[in-house]
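The following paragraphs walk through one protein chain, going from its overall surface down to a single charged patch.

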Amino acid sequence: MEALKRNIILQKSVDLFFCNGIQHITMDDIAEKCGISKKTIYRHFQNKDDLLYEAIKLEAFEVKKNIDRIRLKNDNALEELQKFFKYINNVARVISPSFGRDLKKYHNSNLFKAITFKDKIIIPFVIGNLEKGKREGLYKEDIDAVEICKSYDELSNAVYFNYYFTDSSINSKSLEFLSTLFLYGLVSKIGWEHLHKP
């Protein structure tokens with residue numbers, strides 16, 4: 001029962017933080033959304049930062065689960081990467097730009113933890129995909145998987161943590177554009193043909 005209650009608090013917190021940013025959400029807001037007292041939240045979490053960290057960890061677990069599912073359900077690296085980008089862009093669509101800004105400005109230790117989760121889950125997946133695509137002949141042979149992945153990561157961080165973006169749809173469209181550029185920069189002649197298959 002307590003584990004279920006803790007999970008509900010986390011799920012509702014993720015929704016509130018992602019939709020509204022972190023600074024605008026209080027423990028009272030979370031308690032109200034969960035239909036419980038603030039005291040109950042403090043039985044499970046030390047403070048807002050602790051709750052935020054656990055919420056990020058929960059979301060990282062969700063991302064890993066979905067990435068593992070994507071990895072298992074594709075014929076080749078190109079299809080796998082396209083589905084991955086579609087999934088990530090859908091995630092970006094529901095996250096308010098203020099979440100990234102608040103994380104960067106006020107919750108630096110949790111930003112570091114979020115980046116660590118990403119480095120352990122997303123980066124290895126993309127590098128593995130690039131190597132797989134090269135073996136399948138769908139990606140250019142001369143691409144440096146680690147280098148190109150780092151470049152994409154830096155650019156996507158610049159999009160997500162940009163202080164000027166105030167609309168999640170702009171973030172999502174920017175990431176979608178970046179993903180398309182990345183994809184077209186990777187593909188070999190065979191990959192290009194596969195990409196344009198009717």
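The accessible surface of the chain comes to about 11,100 Å² (Shrake-Rupley method, 1.4 Å probe; for residues, only the protein chains shown count as cover), and carbon and sulfur atoms account for 57% of that surface. The model is predicted: local features need pLDDT of at least 70, side-chain atom pairs count only at pLDDT 80 or more, and totals for chains, interfaces and linings use all residues. Residues are numbered from 1 along each chain as its sequence is written, and side-chain values use heavy atoms, with hydrogens and water left out.

Of the 198 residues in the chain, 45% are buried (under 20% relative accessible area). The C-alpha atoms fill a box of roughly 60 × 40 × 30 Å along the principal axes. Ten helices and zero strands are present (DSSP runs of H or I, at least four residues, and of E, at least two, numbered from the N terminus). Among contacts (heavy atoms within 4.5 Å) between residues at least 6 apart in sequence, 72% join residues at least 24 apart.

The chain carries 31 positive charges (Lys and Arg, placed at NZ and CZ) and 27 negative charges (Asp and Glu, placed at CG and CD), with His and the chain ends not counted. The mean positions of the two sets are 4 Å apart.

Arg69, Lys73, Lys83 and Lys86 form a patch of positive charge on the surface; patch residues have over 30% relative accessible area and no salt bridge (a side-chain nitrogen of Lys or Arg within 4 Å of a carboxyl oxygen of Asp or Glu), and like charges are joined within 9 Å. Lys83 lies in helix α5, residues 77-94. Lys83 counts as partly exposed (between 20% and 50%) because its relative accessibility is 41%.

Conventions: Patch = residues over 30% accessible without salt bridge, like charges linked within 9 Å, V, L, I, M, F, W, Y side chains within 5 Å. Buried < 20%, exposed > 50% of the residue type's maximum accessible area, 1.4 Å probe, protein only.
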